[in-house]
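I sat down with a new structure today and kept notes as I went. Come along and read over my shoulder.

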Amino acid sequence: MGEVIVITSGKGGVGKTTTTANIGTGLALLGKKVVLIDTDIGLRNLDVVMGLENRIVYDLVDVVEGSCRIKQALIKDKRYDGLFLLPAAQTRDKSAVNPEQMIKLCNELKEEFDYILVDCPAGIEQGFKNAIAGANRAIVVTTPEVSAVRDADRIIGLLEANELRNPKLLVNRVRVDMVKRGDMMNIDDIIDILAIDLIGVVPDDEKIVVSTNKGEPAVTDDKSLAGQAYKNIVRRIMGEEVPLLNLETDEGLMIKLKKLFGLKAT
Amino acid sequence: MEENIVTFKGSVNGLIVIMKEDEPFEAVMEQMERKIASAGKFFKGASLSVKYRGRKLSEKEAAKIHDLLVQKSGAEIKEFSEDTETSTKPVVNQSEVQQHRFEMKNYFFKGIDEGRTKFYKGTLRSGQLVSFDGNLVVIGDVNPGAEVVATGNVAVMGSLRGIVHAGADGNKDAMVVAFNLQPMQLRIADVITRSPDEKESRNPMVPELAYVKGDMVYIERFLPQR
């Protein structure tokens with residue numbers, strides 16, 4: 001019996017879709033059977049991030065309306081065998097699906113897959129309600145910005161109101177240098193406000209932009225620091241205890257270099 | 001005397017009585033009696049289930065009207081209850097969606113040489129869908145994420161980067177032409193092809209034509225360049 005994990009944030013642009021793509025790919029890398037569901041009907045992105053947009057024939061709305069079988073709509077990933085995508089419809093809107101249909105769909109997918117990751121749209125309206133309906137667990141994505149944290153707090157409240165206890169926090173796009181200077185919110189400050197368990201911290205990484213544009217999740221790139229962070233998060237989802245990644249590796253190297261040249265490390 | 005306190009309306013399931021809310025109950029009764037009388041033998045012998053709308057009735061009032069209907073109309077009243085069904089007016093969005101998809105049919109649209117044609121002027125952006133039962137000409141671009149569906153040919157006077165479906169109800173002779181043919185996905189009748197995964201740098205803005213021959217999609221330049 002599989003598990004349904006919803007990835008949500010409230011605020012837009014904090015990295016829900018990137019996180020979904022990376023965690024999904026990471027789980028598939030470890031040999032799990034995974035399906036990613038894009039519930040952002042009308043503004044779908046997950047297919048683009050996965051590089052699968054040209055394969056879409058049927059979508060989530062076709063499935064819930066019964067115009068095709070689930071198997072027909074699932075798109076097999078081009079790199080990993082156990083990874084599938086159920087894309088959202090682009091020419092419809094959020095009201096095309098209701099929470100009951102999502103619960104039914106998730107239950108059917110649970111039979112066959114180990115993990116079902118639901119990519120939630122921004123906002124707290126219909127699309128959000130659909131996305132969380134069938135979920136067993138939730139991951140709340142936020143960035144170290146006051147606005148994103150505020151929205152995450154609201155989302156955590158709504159999740160708890162919908163019987164989704166113990167959501168996990170993922171802090172995305174952290175810039176260690178800025179945190180050190182005090183220009184960016186500290187991870188501890190964020191946990192202080194939100195008071196939920198941390199599942200991982202993902203550094204801000206240029207490689208994410210590149211990988212998103214290429215349609216290849218960063219988790220497959222061994223050199224990417226963000227990819228490493230996602231790999232650790234994947235292992236934590238599977239129940240392993242993994243220490244937090246040391247995000248200062250890059251800067252550490254710079255300091256070492258500077259020391260090498262006899263400069264004063266700042 | 002107000003004329004339309006009570007309106008009778010036929011429906012698929014029987015008779016619907018619409019009563020005005022702000023009139024006294026006596027007036028409703030009185031007018032209903034007259035209406036039934038004027039209908040004469042219309043209801044006689046019929047077997048009706050009657051629903052009412054527009055006015056909440058107490059049990060007593062409902063019973064009174066039920067009695068009146070039984071006595072005066074001469075019809076067999078199977079039931080008399082409030083109409084709980086909400087207005088059956090189709091939601092605009094849904095009827096729109098209905099037209100979007102065409103079923104594969106044995107009798108498909110054959111007017112691709114000469115037949116009804118729609119011209120759409122403007123750029124189609126992601127999430128937009130233009131569909132037509134006939135040939136379709138887009139004067140503008142079709143961006144990624146947009147969809148163009150026609151039962152006949154599709155011509156795009158611009159760049160075609162979205163999803164295109166020609167001969168959507170089954171005509172394999174349908175073709176797709178565009179000034180710049182780079183569709184995410186191209187479908188003709190039941191044949192589906194997709195763009196290659198590697199970004200190939202093709203010469204942009206070369207008018208091309210796509211057609212189906214033996215379940216394969218062929219793409220060729222259509223400008224005479226010899």
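Before counting, I fixed the term: a residue is buried when its relative accessible area is under 20%. I also noted that this is a predicted model.

**Entry 1, chain A as a whole.** I looked up the burial and found that 53% of the 266 residues in chain A are buried. I then listed its elements, 12 helices and 8 strands. Its radius of gyration is 19 Å, close to the 18 Å from the globule rule, so chain A is as compact as a globular protein of that length. For contacts between residues at least 6 apart in sequence, I read that 75% join residues at least 24 apart.

**Entry 2, salt bridges.** I got 21 of them over all chains. One joins A:Lys71 and A:Glu112 at 3.4 Å, N to O. These two sit in helix 4 and helix 5 of chain A, 41 residues apart. I noted A:Lys71 as exposed at 56% and A:Glu112 as partly exposed at 39%.

**Entry 3, across the chains.** Which side chain meets A:Lys78 in a salt bridge? I found B:Asp197, at 3.7 Å. B:Asp197 is in a loop of chain B and A:Lys78 in a loop of chain A, so the pair joins two chains. Both belong to a salt-bridge network that also includes A:Arg55 and B:Arg194.

**Entry 4, a nonpolar patch.** On the surface I found about 490 Å² made by B:Phe119, B:Ile139, B:Met157, B:Phe179 and B:Met205. I followed up B:Phe179, which lies in strand 11 of chain B and is partly exposed at 35% relative accessible area.

Methods
Residues are numbered from 1 along each chain as its sequence is written. Chains are lettered from A and ligands numbered from 1 in the order in which they are written. This is a predicted model: local features need pLDDT of at least 70, side-chain atom pairs count only at pLDDT 80 or more; totals for chains, interfaces and linings use all residues. Side-chain values use heavy atoms; hydrogens and water are left out. Patches are made of residues with over 30% relative accessible area and no salt bridge: like charges are joined within 9 Å, nonpolar side chains (Val, Leu, Ile, Met, Phe, Trp, Tyr) within 5 Å. Accessible areas come from the Shrake-Rupley method with a 1.4 Å probe; for residues, only the protein chains shown count as cover. Helices (H or I, at least four residues) and strands (E, at least two) are DSSP runs, numbered from the N terminus. Buried means under 20% relative accessible area, exposed over 50%, partly exposed in between (1.4 Å probe, protein chains only). The radius of gyration is taken over C-alpha atoms; the globule rule is 2.2 Å times the number of residues to the power 0.38. Contact means heavy atoms within 4.5 Å.
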